[in-house]
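Here are my notes on the model you sent over. I've kept them as numbered points so you can follow along with the structure open.

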Amino acid sequence: MAAVEASRKRRSKAPFFPATKRARPGGSGQLEPGMRGILITCNMNERKCVAEAYSLLGEYGEQLYGPEQFTDQEESRVSGNEEEEEEEADEDDDAEAALKKEVDQIRTSTEQKRRRFQSVESGANNVVFIRTLGVEPEKLVHHILKDMHATKKKKTRVILRMLPVSGTCKAFVDDMKQYSETFFEPWFKSPQKGTFQIVYKARNNSHLSREKVITELAGVVGHLNPENKVDLNNPEFTIVVEIIKNICCLSVVKDYVLFRKYNLQEVVKSGKTDCQGDASKASPEGNSKGDKAVVENVGSQDQPEDKFEEKANDNHED
């Protein structure tokens, strides 16, 4: 009996492996540089947020782009390869050729199943990222907010803010500066010009300085056209910088003040801020990059600040 107990004591414990983080509801892949889409914040219920996002984006997406269809990018390639597959039928004994054929079929199937809107892992709690395909994020989100502002019809319960993301890059100052030099051109490069502000938010990132990022990006805008001026009260353009871990999400939006910081819960409310303008005074649909900006002369400032975010740098960890 004693020998059995001693044997049990000597028995090593099973190795412990920490559980991997569960993927977000409806997610597929993760946020990475090069993606375009829509960043959505919510009040705790991410599963419901994804469902609401799909419903809302689907409704307005059909208005702007027609009914959704699966992409058939690879369809012609598939049909074109049919003859090759027949010729290779006799060579199926070649394991490498057979494996290559299978990989091509899987890739083709995956491409055909890509949707217009697809949720991906954002990297932060209470934040959902919807990757878009064949859609202009800034145009679609502006269309949604303009309609909700005009009708005052509430269409979501858990979605808070909905921000278009027109470009993504690595969240390092040098990368962001280099990327923005080209990214900002449609709005700020001469002869284009306008008043602007920069709003900044960081999640799960502690290596970036808010002041440094804003200073560098504002410098890029000034370099593109010295006539671009800062306006913290009612700017024509708002540069939205959203940092999640090591990814920087960028967008340039219009009517940021009028549409209550692109907050879907606030934009349907009637209040004093509506005196700044109504939906009929909103900018033309979307961020028409070819439109010339109407400039309001304001005194330039050294560093534009995010006047509207309550916490401009939230570096909490999930």
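1. A quick word on terms before the helices come up: an axis here is a line fitted to C-alpha atoms, taken for helices over the stretch in contact, and angles run from 0 to 180 degrees between N-to-C directions. Keep in mind, too, that this is a predicted model.

2. With that in hand, look at helix 7 (residues 173-183), which lies across strand 5, strand 8 and strand 9 and runs at about 155° to strand 5. Helix 9 (residues 210-224) also lies across strand 8 and strand 9, along with strand 6 (195-203), and its angle to strand 6 is about 150°.

3. What is the strand order of the open sheet of five strands? Reading across, you get 5-9-8-6-7, and the pairing is mixed. Strand 5 (167-170) and strand 7 (229-230) are the edge strands, each pairing on one side only. Inside the sheet, strand 8 (residues 237-244) pairs with strand 9 in the antiparallel sense, over seven bridges. If you want a residue pair to click on, try Val240, whose bridge partner in strand 9 is Ser251.

4. Now for the other strands. Strand 1 and strand 3 are antiparallel partners over five bridges, with Leu39 bridged to Phe129 in strand 3. Strand 2 (residues 117-120) also runs antiparallel to strand 3, joined by four bridges; there, Gln118 has Arg131 as its bridge partner. Strand 2 and strand 3 make a hairpin with six residues between them, and Gly123 in the turn has a positive phi of about 100°.

5. Is strand 3 mostly covered or mostly open? Covered: six of its six residues are buried. In a regular strand, side chains alternate between the two faces of the sheet. Here Val127, Phe129 and Arg131 point one way, Val128, Ile130 and Thr132 point the other way, and all are buried. Note that Arg131 and Thr132 are on that buried list as well.

6. On to the packing. The largest nonpolar core has 32 residues, and those with the most contacts inside it are Ile40, Leu57, Leu140, Ile144, Met162 and Tyr262. Strand 1 (37-42), helix 2 (46-65), strand 3 (127-132), helix 6 (137-151) and strand 4 (159-165) each supply at least two residues of this core. Helix 2 gives the most, with six residues. Leu57 is a good place to start looking: leaving out residues up to four places away in sequence, Leu57 touches Ile38, Phe117, Ile130, Leu140, Ile144 and Met162. There is also a second, separate core of 29 residues, including Val173, Ile214, Ala218 and Ile239.

7. How do helix 2 and helix 6 meet? Their axes come within 10 Å and cross at roughly 105°. That falls in the 65 to 115 degree range, so helix 2 is roughly perpendicular to helix 6. Among the residues that meet are Leu56, Leu57, Tyr60 and Leu64 in helix 2 and Leu140, His143, Ile144 and Met148 in helix 6.

8. One last residue to check is Asn263, in the segment after strand 9 (247-253). Why does Asn263 count as buried? Its relative accessibility is 15%, and the cut-off for buried is under 20%. The side chain of Asn263 reaches the backbone nitrogen of Gln265 at 2.8 Å. Asn263 also touches Leu160 and Arg161, again not counting residues up to four places away in sequence.

Definitions and conventions: Residues are numbered from 1 along each chain as its sequence is written. This is a predicted model: local features need pLDDT of at least 70, side-chain atom pairs count only at pLDDT 80 or more; totals for chains, interfaces and linings use all residues. Side-chain values use heavy atoms; hydrogens and water are left out. A nonpolar core is a set of buried Ala, Val, Leu, Ile, Met, Phe, Trp, Tyr and Cys residues joined through side-chain atoms within 4.5 Å. Buried means under 20% relative accessible area, exposed over 50%, partly exposed in between (1.4 Å probe, protein chains only). Contact means heavy atoms within 4.5 Å. A polar contact is a pair of N or O atoms within 3.5 Å; within protein, one must be able to donate a hydrogen and the other to accept it, and residues adjacent in sequence count only if both atoms are side-chain atoms. Two strands pair if DSSP finds at least two bridges between them. Angles under 35 degrees count as roughly parallel, over 145 as roughly antiparallel, 65 to 115 as roughly perpendicular and the rest as oblique.
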